[in-house]
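Hi everyone, thanks for coming. I'd like to walk you through a structure that may be new to you, so have a look at the screen.

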Amino acid sequence: MSAGDSGYRRIRSDIIFGVLNPSGRLKLDSMKEDYGVSVSTLREILNRLASEGFVVAEGQRGFEVAPVSIQNLRELAQLRILLEHHAMTESFRAGDMEWEGRVVSAHHKLAATERAILTAGDDPELRKRYDGEFHQALISNCGSRELMQTHAVVFDKYFRYALQYRGSATIAQHQALLDCALKRDAEGAKSILTEHINSCVAHALAIGTLK
């Protein structure tokens, strides 16, 4: 992996997990030391992140981390529902044994991670990894690489708001999504996913940190 690719992944991750604060100015001189890349490479990375919506380019003023807001959370939630509803319908329709195996394997890792959270505490990075893998597995037979890539970006933006774990309700919803997948019940899965996402939105709003 090149220094530019490594820097891109680290900065992107630090934005998602709140290491770099929403709306915070991104100072190139300090960042080049923190991430071990040149200023010119940093500009390339930040322009790339700006094109994905994680960074805001302020012209001559430089760059800042994309802000968070109640409106943005609601927009991302609705976009996730729209994308995943369609993708699950197509994926369930085309589902075969290989797809089923991916879904079961992804859920097994996610469920083990969620059980560990209840006893050992949360690891947001690990939870995001397996949560994302499970939702990607559910739609992995949708037949559209573009749809899956778009979903992955939206999921990462959405996860900025989902850092606080919701507990047993999330575990039950993920299990219900698995059960629907194994039965090829797309309508049931869409209903559960809508509740899953809307509950997360309600939880984020209840914390009271958004405006």
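I'll talk about the sheet, then about the space inside. One thing up front: what you see is a predicted model.

Okay, the sheet. Three strands make it up, it's an open one, and the order across is β1-β3-β2, with antiparallel pairing. Now, which strands stand at the edges? Those are β1, residues 25–26, and β2, residues 55–57. Each has a single partner strand, so one side of each is left without a neighbour in the sheet.

Let's zoom in on β2. Three bridges join β2 to β3, residues 63–65, and these two strands run antiparallel. If you want a spot to click on, try Val55, which stands opposite Val65 in β3. Then there's a helix to go with the sheet: α3, residues 39–52, lies across β1, β2 and β3. Its direction is at about 105 degrees to β2.

Right, on to the empty space. Rolling a probe the size of a water molecule over the atoms shows where empty space is left. Counting cavities of 30 Å³ or more, we get one. The largest cavity holds about 170 Å³ of space.

So who lines the largest cavity? There are 15 residues in the lining, and the ones nearest the centre are Arg127, Asp131, Ala162, His196 and Cys200. As for helices, α6 (124–138), α7 (145–159) and α9 (186–207) each give at least two residues to that lining. And what's the mix? Seven of the lining residues are nonpolar, four are polar and four are charged.

That's my tour, happy to take questions.

Technical notes:
Residues numbered from 1 in each chain as written. Predicted model: local features only at pLDDT ≥ 70, side-chain atom pairs only at ≥ 80, totals over all residues. Heavy atoms only, no water. 1 Å grid on protein atoms, 1.4 Å probe; cavity = no way out; pocket = protein on both sides within 12 Å on 5 of 7 lines; lining within 4 Å. Points joined across faces, edges and corners; volume = space filled by probe spheres on them. Helix = DSSP H or I, 4+ residues; strand = E, 2+ residues; numbered from the N terminus. Nonpolar A, V, L, I, M, F, W, Y, C, P; charged D, E, K, R; others polar. Pairing = 2+ DSSP bridges. Contact = heavy atoms within 4.5 Å. Axes fitted to C-alpha atoms, helices over the stretch in contact; angles between N-to-C directions.
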